[in-house]
Each structure stands twice: as C-alpha cells, then as structure tokens.
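I opened this model with a coffee in hand and a short list of things to look up. Here are my notes, in the order I went through them.

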Amino acid sequence: HEATVASIEAQMEGEFGDRRQELVIIGIALKEAELRAALDACLLTDEEMATPSSEWATAFEDPWVEWPTAAEMVGVAHGD
C-alpha cells in the first residue's frame with residue numbers, strides 16, 4: 001500500500017496533481033522522433049495558452065478546410 005501511494009505521489013504535479021493525459025501509439029517501425037515532433041508542433045505556446053479559452057474560437061486560425069454539413073453531404077441542401 002505505501003509503495004503504491006509513494007508511486008502515485010511521485011507523479012503528482014501542479015495544483016491538481018494527478019490529472020494528466022497519455023497517448024499510446026502501437027505500431028511496427030514507427031518513426032518515434034518524427035511522430036513526437038509532429039505531436040509537439042500541435043501544442044499551444046505559452047503565449048497562446050495565455051489567451052482565455054473563451055476566445056480560442058476566434059483567436060486562432062482554423063487549419064482545416066470548411067467541412068460540408070451532413071445535409072450537404074446527402075444533397076438535401078441542393079434540393080436533391
């Protein structure tokens with residue numbers, strides 16, 4: 001019991017301590033360095049993190065092309 005508690009406490013960080021996310025990718029011949037660099041490039045900078053989350057929808061450029069709505073995909077929007 002004590003070893004388990006010590007292991008958990010060793011991983012505690014910040015105000016809430018035990019909150020974290022992990023991404024596990026399993027595969028053959030993965031290029032770990034390239035994959036890690038691509039994922040790291042997705043992280044917000046300290047400056048971006050300083051932006052209130054309530055402003056994120058308009059503060060950052062959306063890199064995705066506009067996606068069609070479900071109605072457009074089935075032709076409803078065009079009267080089909």
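The entries below go from the conventions to the pocket, the surface patch, the salt bridge and a few single residues.

**Conventions.** I am working with a predicted model, in which local features need pLDDT of at least 70, side-chain atom pairs count only at pLDDT 80 or more, and totals for chains, interfaces and linings use all residues. I number residues from 1 along each chain as its sequence is written, and side-chain values use heavy atoms, with hydrogens and water left out.

**Pocket.** I began with the largest pocket, which holds about 300 Å³ of space. A pocket here is an open set of points on a 1 Å grid over the protein atoms alone, where a 1.4 Å probe fits, with protein on both sides within 12 Å along at least five of seven lines. Its volume is the space filled by probe spheres set on the points, which are joined across faces, edges and corners.

Which residues line the largest pocket? I listed Gln21, Glu22, Leu23, Val24, Ile25, Leu30, Glu32, Leu35, Arg36 and Leu39; a lining residue has an atom within 4 Å of a point. By class I noted 6 nonpolar, 1 polar and 3 charged residues in this lining. For these classes, Ala, Val, Leu, Ile, Met, Phe, Trp, Tyr, Cys and Pro count as nonpolar, Asp, Glu, Lys and Arg as charged, and the others, Gly among them, as polar.

**Patch.** Next I found a nonpolar surface patch made of Leu23, Ile25, Leu30, Leu35 and Leu39, together offering about 430 Å² of accessible area. Patch residues have over 30% relative accessible area and no salt bridge, and nonpolar side chains (Val, Leu, Ile, Met, Phe, Trp, Tyr) are joined within 5 Å. The areas come from the Shrake-Rupley method with a 1.4 Å probe, and for residues only the protein chains shown count as cover.

I looked up Leu30 by itself and found it in the loop between α1 (2-10) and α2 (32-40). Helices are DSSP runs (H or I, at least four residues), numbered from the N terminus. Leu30 counts as partly exposed because its relative accessibility is 44%; buried is under 20%, exposed over 50%, and partly exposed in between (1.4 Å probe, protein chains only).

**Salt bridge.** How many salt bridges does the structure hold? I count 1, taking a side-chain nitrogen of Lys or Arg within 4 Å of a carboxyl oxygen of Asp or Glu. It joins the side chains of Glu32 and Arg36 at 2.8 Å, N to O. Both residues sit in helix α2, 4 residues apart, about one turn of the helix. Glu32 is at 51% relative accessibility, so I enter Glu32 as exposed.

**Ala29 and Ala33.** Ala29 caught my eye: its phi is positive, about 55°, although it is not a glycine. I place Ala29 in the loop between α1 and α2, and it counts as exposed at 71%. Ala33 lies in helix α2 and is exposed at 61% relative accessibility. From Ala33 to Glu47, 14 residues along the chain, I read 25 Å between the C-alpha atoms.

**Other single residues.** Ile8 is in helix α1 and is partly exposed at 48%. Its C-alpha is 15 Å from that of Glu22, 14 residues apart in sequence. Ser54 belongs to the loop between α3 (46-49) and α4, and I have Ser54 down as exposed at 67%. Ala57 is in helix α4 (residues 56-59) and is exposed at 76% relative accessibility.

Note on methods
Patches are made of residues with over 30% relative accessible area and no salt bridge: like charges are joined within 9 Å, nonpolar side chains (Val, Leu, Ile, Met, Phe, Trp, Tyr) within 5 Å. Helices (H or I, at least four residues) and strands (E, at least two) are DSSP runs, numbered from the N terminus.
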